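Here's a quick walk through this one, starting on the inside and working outwards. Have a look at the structure first.

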Amino acid sequence: MTARNIARFWEWGRKIICVGRNYAEHAKELRNAVPSEPVLFLKPPSAYVKEGSPILVPRYCSSLHHEVELGVVIGKAGTAIPQSSAMEHIAGYALCLDMTARDIQDECKSKGLPWTLAKAFDTSCPVSEFIPKERLPDPANVTLWLKVNDVERQNGSTSQMIFSIPYLISYISEVISLEEGDLILTGTPKGVSAVQEHDELQAGIDGIVTMTFQIDKTW
Ligand SMILES: CC(=O)CC(=O)C(=O)O
Ligand SMILES: [Mg+2]
């Protein structure tokens, strides 16, 4: 059997664990309370999409939002990982989008229902190429940006995160064991907005990675 390559983590079929409301300014722009503990939800591996394939608007959604986020790719499995050794479990990073059917999420929130339809649909997790951890020595201080049709919508630093990457790895792994190839989406800075069919999304971390996706209709 050939060894699997972590640089193609999206092909492994592992978990995508997402952190919500990890930037105070984003929590406020959606009139959510700033959390005292991480808000977690999941996406299935079928959510992955790579450059060259479109992001699809689910047929039931009339307000699809972009959320640019730093993704952490797990390289070493663990349960109840202490914060002090959390960084040793990271293989690298990816720039990610947490595509969100905002109208459906609002409806789910008002009815007290889970966010699955809003967050876990096919193509809801566009990802960049893998960034080995040596290329991002200070993940707690990188600027993420996103443009829609060349107009900047999001620009925020990971230094604004409420919960740090070691804290998140420790917190998540107390509840959900982390495996090699898992991806953690660490939350989005402010500036989320709606996109339409034919829009072009560009996102990047200066000097490290950029990625481009088109929006298309599902049906
Ligand atoms: C309100 C949200 O959709 C939470 C989320 O995903 C975030 O990144 O914050
Ligand atoms: Mg998000």
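Let's start with the largest cavity, which has a volume of about 120 Å³. Its lining is made up of 18 residues, and those closest to the centre are Gly20, Arg21, His26, Glu67 and Lys119. Keep in mind that this is a predicted model. A search of the whole structure turns up 1 cavity of 30 Å³ or more.

What kinds of residues line the largest cavity? Sorted by class, they are 5 nonpolar, 6 polar and 7 charged. As for where they sit, β1 (16–20), α1 (24–29) and α2 (102–111) each put at least two residues into that lining. The largest share comes from α2, with 3 residues.

Now for the chain as a whole. You'll find 4 helices and 16 strands in it. Does the overall size fit a compact globule, or does it not fit? The radius of gyration is 16 Å, and because a compact globule of 219 residues would come out near 17 Å, the chain agrees with that expectation. Here are some whole-chain numbers in one place:

| Property of the chain | Value |
|---|---|
| Box filled by the C-alpha atoms, along the principal axes | roughly 40 × 40 × 30 Å |
| Residues that count as buried, of 219 residues | 52% |
| Contacts (separation of 6 or more) between residues 24 or more positions apart | 76% |
| Exposed area | about 9800 Å² |
| Share of the exposed area from carbon and sulfur atoms | 50% |

Put in words, 52% of the residues count as buried. On the contact side, take the pairs with a separation of 6 or more: 76% of those contacts join residues that are 24 or more positions apart in the chain. And on the outside, carbon and sulfur atoms supply 50% of the area that the chain exposes.

Finally, one residue to zoom in on: Lys76. Where does Lys76 lie? You can find Lys76 in the loop between β6 (68–74) and β7 (90–97). Lys76 counts as partly exposed because its relative accessibility is 39%, a value between the 20% and 50% cut-offs. If you skip the neighbours within four places in sequence, Lys76 is in contact with Glu88 and His89. For a sense of distance, compare Lys76 with Leu30: they're 46 residues apart along the chain, and their C-alpha atoms are separated by 35 Å.

Terms used: Residues numbered from 1 in each chain as written. Chains lettered and ligands numbered in written order. Predicted model: local features only at pLDDT ≥ 70, side-chain atom pairs only at ≥ 80, totals over all residues. Heavy atoms only, no water. 1 Å grid on protein atoms, 1.4 Å probe; cavity = no way out; pocket = protein on both sides within 12 Å on 5 of 7 lines; lining within 4 Å. Points joined across faces, edges and corners; volume = space filled by probe spheres on them. Nonpolar A, V, L, I, M, F, W, Y, C, P; charged D, E, K, R; others polar. Rg over C-alpha atoms; globule rule 2.2 N^0.38 Å. Buried < 20%, exposed > 50% of the residue type's maximum accessible area, 1.4 Å probe, protein only. Contact = heavy atoms within 4.5 Å. Areas by Shrake-Rupley, 256 points an atom, 1.4 Å probe, with all protein chains shown as cover.
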